[in-house]
Amino acid sequence: RCREIMDRNLKKILKQVHKQMGANGPPVQQLIDELSGYGKTGQFLPMIIKQVPILKEHVPWAEIVDNALESIDGKVATIDASQKKKKDRLGVSRSASKEGSTLLYVRVLLTDATAPAGQLAVAEELVNGFEALKEEAGKVDKSVTLVKRTKAGSGCDEGGSMPKTCAKLQNLADIQSNGFGETKLLVLKAKKKQALEACSTNANVGILLAIDDGAQIKVAGGQESIALTAGVPVVVDFCQETSIEASAATKVLFVQAWHPEFAAVERTTELRARAKAFGLAETEVKAAADMVNKHAKKNWDKVAKQWRHLSETNKKVKQGFQAEKDEKKKMEEEAAEAKRKEEEAGDEERQKGLEVLARKREAKRKQAEEEEQKRLRRKQLMEEERLKRDPWLNAPTVKAVEQQIEEMKEQRRDANAKLEFDLSTQLTKDISAAERALRKAIKKARKAFKKGGAAALEELAAKNADTKEKDAENEAKGKEEELSILKKKLEAVTKEKAIAAEAENFKEAKRLKVEQQELEAKISKLEL
């Protein structure tokens, strides 16, 4: 039903688009025929879809619904073998026009091979007219058509032999409005098997109502023959090969009615689309469509629910789908369990791998520590040998400069690690200066050691210390003097700036302000 409604909406949109195109547009039927390609094929529709946003939205949805129906229908065919045979016989190309065709295959529409009258409402209604049917059938000598494609047959024409039965049938919407169906009274000969005509659509079901006992039917999809009881209707799927046989001459009413799950919107669509094939005038189509719609408003939901609830085929298909769902769920659970076990096994393997890696890292760390200790011992031995060879290198003055160089090298390594390249460059220059100072210190220490030995080195260190103290005192004194001078100069500049401001000599005041700030910066630096 959803697909039928979508198809109607798409046709309506295309007709509006065609109207806007004017006389230059292609025939509207050609546009409608191209809908089967979903805008991917065809001469005009692919271009039109690009220009009409609403078609871009609706056409892909139609394709999704069609694919879903095809998928479900394929699954149903694996459960109900008759479904594939019906499709092979009744199915036509999706792009084929319905106008001249009397064949129709409806996807995912299920019918039991045989069913009791209580499963189909229209079959139950036939019972009410059985007495009139029995009375009128006694006057008939050969098979006669009562209703054919919504029109009265020869048995229901003026002067027909079965007026009461015809009146009853014409009031049953599922029979009278059935454009595909033909209802007739069959006259059976004794012990002669008669095959029922095959359906032209699986959207129809057959109803057999025997006038007398003694007849039995056999449906290809059924398990065994079913005896017909007089006055008790039996529903049959006459899309499957069906035959009827009687032990004595008898009469059977064979009714073709709409399938209870074939909705009103689908019935009216097919009636209008196939009016020419059915030989129906516009007034006849309108009358049949009105009958379909009136009946559907009151009874369709109830009738369809009654059919679905009692249908054995429906139950079998549901069980098949549920079994497939359960099997899929079971496979997913098994896959999840296998994955869990694999992950657990992987966890154990990973844990073992981590333990091996930890042992390797520990061994590597111990090896590195041993190598570092060896390196430090070698360095210490080399230092001791160097000091024995050159004792003056042990002088405090030399040691102090070496310690200073080591500290600066450590600072440079930190600066390089932090990408502070300006500081690193400055430290490199300072290290170079310190190395020059080290060479001078070594030279003085060697000279002093050669003159006076170790005692001379101590005197040199003491002398250096005194020199440093004096240098520090001189530096401090020089800073104090410089600080005093700068403060006096700052005081003078401040006064001059104030005077210039009072005299409104703003250019001079601005210059003096800059000079004042420079002096303040220098004073702050010296006071640190």
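Biologist: Which residues form a positive surface patch here?
Modeller: This is a predicted model, where local features need pLDDT of at least 70 and side-chain atom pairs 80 or more, while totals for chains, interfaces and linings use all residues. Residues are numbered from 1 along each chain as its sequence is written, and side-chain values use heavy atoms, leaving out hydrogens and water. A patch takes residues with over 30% relative accessible area and no salt bridge (Lys or Arg side-chain nitrogen within 4 Å of an Asp or Glu carboxyl oxygen), joining like charges within 9 Å. The positive one is formed by Lys443, Arg446, Lys447, Lys450 and Lys451.

Biologist: Is lysine 447 buried or exposed?
Modeller: Lysine 447 lies in helix α15, residues 421-502 (helices are DSSP runs of at least four residues, strands at least two). Buried means under 20% relative accessible area, exposed over 50%, partly exposed in between (1.4 Å probe, protein chains only). At 54%, lysine 447 counts as exposed.

Biologist: How are the rings of phenylalanine 180 and tryptophan 258 arranged?
Modeller: Rings pair if their centres lie within 6.5 Å; planes under 30 degrees apart are stacked, over 60 edge-to-face, the rest tilted. That rule gives four aromatic pairs. With centres 6.0 Å apart and planes at 80°, phenylalanine 180 and tryptophan 258 are edge-to-face.

Biologist: How many residues apart are phenylalanine 180 and tryptophan 258?
Modeller: Both are buried. Phenylalanine 180 sits in the loop between α9 (173-176) and β4 (182-188), and tryptophan 258 in strand β11 (residues 250-258), so the pair links distant parts of the chain, 78 residues apart.

Biologist: Which residues form the aromatic cluster?
Modeller: Tryptophan 258 also stacks with phenylalanine 262, 5.6 Å centre to centre with 25° between the planes. The cluster is Phe180, Trp258, Phe262 and Phe278.

Note on methods:
Patch = residues over 30% accessible without salt bridge, like charges linked within 9 Å, V, L, I, M, F, W, Y side chains within 5 Å. Areas by Shrake-Rupley, 256 points an atom, 1.4 Å probe, with all protein chains shown as cover. Lys, Arg positive; Asp, Glu negative; His and termini not counted. Charge placed at Lys NZ, Arg CZ, Asp CG, Glu CD.
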